[in-house]
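Visitor: I am new to this structure and should be grateful for a close look at how its parts meet one another. Please take me through it in one connected account.

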Amino acid sequence: MDHDYLDNLKRNHPTLKLLAADNVPLIISFLFRVYIQPNQRSASQSDLTTRLDDFLFQLHEIYGASKYPKTARQYLEDWSNGNSPFLRKYYTDISDEPEFDLTPATDKAIEWLQSLEERQFVGTESRLLTVFALLREIVSKTERDPQQRIAELEQQRDAIDGEIEQIRSGIFAAYDSTQVKERFLQVEETARRLLADFRQVEYNFRTLDRETRESIAISDMGKGELLDEIFNKQDVIWDNDQGKSFRAFWEFLMSNPRQMELANLLEKVYGLEEVQQLSPDLFLANIKYALLEAGEKVYKTNNQLVEQLRKFLDDQAYLENRRIMDLVKEVEKQAIEFKENPPAQRNFGEIEDIKPQVNLVMSRGLFLIPKISAVNSEQVTVGESSLDVDALFIQNYVDEQELRANIRRALQNRSQISLAQLVVQFPVRKGLAEVVSYLSMADKDTKALIDDTQTETISLNDASEAGRRIVLPKVIFVR
């Protein structure tokens, strides 16, 4: 922390540039309202411009139009351009409209400014206990002596057994109101910092993607050497401490039992009277979805790198195939030239490092029996068909929308109905095809039930199939 380092930090670090900007109250207040407060990861340009226009209108009503004279679009361009932008402007694969997201430096600036706000109280007990718990976990998980590890676990078991006995005897130690509030605020603060860290992880992957594109654009190395260099860079990202920690976090979060446990814990915590006294927002209650969205953006950024490598391989394969075709055309051109002007010498060309394919004269067949095709030149007469082909031109169309309407009308006055009951109310008019359509709809409908253990008989009223009956598994449609 010497003078030169701090001076360079002040001039170049984007976080300090943001804090030193002339319109920093406008930037921080607007970005906090759009991104941090609702926990939104990105916003489209049209949405962001509209919201900034409304925000500027409110400020102009209070402070006058000269306070912030630029338009919303100009401010967004200023904040997203330059060497140290406050917003990241990018395009997605599903839209031509640009998206905006906070940079890690802007996120850090907002987080630091939030830490300056006066709190209800500063919790010290929970943080000290967290320090002790982490130290115990480090020592316990790094212990190599099996006997020592067993002794620690037995000590923990004795402590748990002792607490159980105290509870059975009526001695029940619970957190008081201050301890509950302190720990809840610490959990909320930790969760907010965790989400902020995701932007830094995503930024690191974007940096790798940008470096990969630059390497592909300017590199003269071969395909194998370039891919080896790119994959080494990717391995460095995934195999370093940050990459390993992120993968462990994602595997933990994607576990269905862990998600259910998290939901149950949050429901119980928000139900505590001490927590309700804090009037907390729903940030922590929706933390699972926020973490999933943030982690998904990190994986999408990594997938962009994989897609870039795929395009690079496709381009290389195209160039190699084109080179092969050029060589083939050159050989054909020389062959035509030699055809008109054959070389005087016997050895007019040599091929190195290629094994020639030799076709011996005796390996060829000496004679091929010609095929004689028998042609009947007699006049062709038109025969008479004994089949009725009119049935081929009869189209029997079954309208599934009409069948669904029949089901809805039948379920208006009852909760469920079987297919046999349905065709009594709405007789089958198009034969077996209509029954098959009912079966197909029941198979696709998650509310319908096909019971293979029971059967039912359905009569067909179609003119061509009148009097016929079919037996099929019992089908029940449910409202």
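Guide: Of the 479 residues of the chain, 29% count as buried (under 20% relative accessible area, with over 50% called exposed and values in between partly exposed, using a 1.4 Å probe and protein chains only). The model is predicted, so local features need pLDDT of at least 70 and side-chain atom pairs count only at pLDDT 80 or more, while totals for chains, interfaces and linings use all residues. Residues are numbered from 1 along each chain as its sequence is written, and side-chain values use heavy atoms, with hydrogens and water left out.

The chain contains 17 helices and six strands (DSSP runs numbered from the N terminus, helices being H or I of at least four residues and strands E of at least two). Among contacts between residues at least 6 apart in sequence, 66% join residues at least 24 apart; a contact here means heavy atoms within 4.5 Å.

Two packed helices are described by the angle between their axes and the distance between the axes. Let us begin with helix 3, which covers residues 24-36, and helix 4. The axes of this pair come within 11 Å and cross at roughly 130° (lines fitted to C-alpha atoms, for helices over the stretch in contact, with angles from 0 to 180 degrees between N-to-C directions). Helix 3 is therefore oblique to helix 4 (angles under 35 degrees count as roughly parallel, over 145 as roughly antiparallel, 65 to 115 as roughly perpendicular and the rest as oblique). The crossing of helix 3 and helix 4 is right-handed, a term for the near helix being turned clockwise from the far one by less than a right angle, with anticlockwise called left-handed. From helix 3, the residues Leu26, Ser29, Phe30, Arg33, Val34 and Tyr35 meet Leu48, Arg51, Leu52, Phe55, Leu56, Gln58 and Leu59 of helix 4. The residues of this contact between helix 3 and helix 4 comprise nine nonpolar, two polar and two charged (Ala, Val, Leu, Ile, Met, Phe, Trp, Tyr, Cys and Pro count as nonpolar, Asp, Glu, Lys and Arg as charged, and the others, Gly among them, as polar).

Helix 4, which spans residues 45-63, also holds Thr49. Thr49 counts as buried because its relative accessibility is 11%. Neighbours within four places in sequence aside, Thr49 is in contact with Ala72, Arg73 and Leu76.

We turn next to the charged pairs. Side chains of opposite charge can pair when their charged atoms come close. The structure holds eight salt bridges (a side-chain nitrogen of Lys or Arg within 4 Å of a carboxyl oxygen of Asp or Glu). One of them joins Lys70 to Asp78, with the closest N and O atoms 2.6 Å apart. Lys70, at 38% relative accessibility, counts as partly exposed, and Asp78, at 39%, counts as partly exposed. Another salt bridge links the side chains of Asp158 and Arg157 at 4.0 Å, N to O. Asp158 is partly exposed at 47%, and Arg157 is partly exposed at 48%.

A further salt bridge brings the side chains of Glu402 and Arg429 together at 2.7 Å, N to O. Glu402 lies in helix 15 (residues 400-410) and Arg429 in the loop between helix 16 (419-425) and helix 17 (432-444), so this pair ties together parts that are 27 residues apart in sequence. Glu402 has a relative accessible area of 32% and is partly exposed; Arg429 is partly exposed at 48%.

Helix 15 and helix 17 also meet directly. Their axes come within 11 Å and cross at roughly 70°, and helix 15 and helix 17 are therefore roughly perpendicular to each other. Helix 15 passes helix 17 in a right-handed crossing. Here Glu400, Leu403, Arg404, Asn406 and Ile407 of helix 15 meet Glu434, Ser437, Tyr438 and Met441 of helix 17. The residues of the contact of helix 15 with helix 17 are four nonpolar, two polar and three charged.

Two buried residues complete the account. Gln259 belongs to helix 12 (residues 256-270) and, at 17% relative accessibility, counts as buried. Beyond residues up to four places away in sequence, Gln259 touches Leu253, Met254 and Lys288. Leu291 is found in helix 14 (residues 287-340) and counts as buried at 7% relative accessibility. With the same exclusion of residues up to four places away, Leu291 touches Leu194, Leu195, Phe198, Phe249, Trp250 and Leu253. The C-alpha atoms of Leu291 and Trp250 are separated by 9.1 Å, although these residues are 41 apart along the chain.
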